[in-house]
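User: I am new to this structure and would like a close look at one part of it. Please take a single residue, say how it sits, and then set it beside a few others.

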Amino acid sequence: MKTVKKILVFLLVVFVIAQFFGPEKNDGEMTSVAAFISETNPPEDVKKILETTCYDCHSDKTVYPWYSNITPVNYWLDDHIKDGKKHLNFSKWSSYSLKKKEHKMDELYEEVEKGEMPLDSYTWTHADANLTQEQINAVVAWGKKVQADYKLQMNSK
């Protein structure tokens, strides 16, 4: 029993020390999505949906929940954010080629339409990110329109 106690105390000490370390935060500016907003011109309802369901993982600015300061949760969140930004980063929209923008818009509305985005692990702690069918329809309609505009631009070149 004494060995088990020592192991538990050791693990507790390691856990406490780990709280002083963590990954770098994704603390950019919301203005980093301005080019994306300007170019794709989402209606106000879609703009709000993007803010509440997409930008935390798909831009250079994350609004962190209170529990994000707890190790190992902070590393788990950091991994989600890095993975999200690897697939789509609204803050880097202006650096995407026209073809990539068209493809990303296709992926965006398809993922939302299939219910694959936002991720369940995100909606568990962000209730306002649970999209209604009306919200899904709004995002899909906007995404299809923007994608069609990009296709027209590509065909005219």
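Analyst: This is a predicted model. Take Leu 8: with a relative accessible area of 53%, Leu 8 counts as exposed, because the cut-off for that word is over 50%. Leu 8 belongs to helix 1, which covers residues 2-18. On the surface, Leu 8 joins Val 4, Ile 7 and Leu 11 in a nonpolar patch of about 370 Å².

Cys 54 can be set beside it. The relative accessible area of Cys 54 is 14%, so Cys 54 is buried, the limit being under 20%. Cys 54 is placed in the loop that runs between helix 3 (44-53) and helix 4 (55-58). Apart from neighbours within four places in sequence, Cys 54 has contacts with Ile 49 and Phe 90. As for Tyr 75, 21 residues separate it from Cys 54 in sequence, and the C-alpha to C-alpha distance between the two is 19 Å.

The last residue to consider is Glu 102, in helix 6 (residues 98-113). Glu 102 is buried and has no salt bridge. The nearest side chain of opposite charge is that of Lys 151, 4.1 Å away. A salt bridge needs a distance within 4 Å, so this pair does not count as one. Glu 102 does have a polar partner: its side chain makes a polar contact of 2.6 Å with the side chain of Gln 147. When residues up to four places away in sequence are left out, Glu 102 touches Gln 147 and Lys 151, and also Tyr 150 and Met 154.

Notes:
Residues numbered from 1 in each chain as written. Predicted model: local features only at pLDDT ≥ 70, side-chain atom pairs only at ≥ 80, totals over all residues. Heavy atoms only, no water. Patch = residues over 30% accessible without salt bridge, like charges linked within 9 Å, V, L, I, M, F, W, Y side chains within 5 Å. Areas by Shrake-Rupley, 256 points an atom, 1.4 Å probe, with all protein chains shown as cover. Helix = DSSP H or I, 4+ residues; strand = E, 2+ residues; numbered from the N terminus. Buried < 20%, exposed > 50% of the residue type's maximum accessible area, 1.4 Å probe, protein only. Lys, Arg positive; Asp, Glu negative; His and termini not counted. Polar contact = N/O pair within 3.5 Å; in protein donor to acceptor, adjacent residues only side chain to side chain. Contact = heavy atoms within 4.5 Å.
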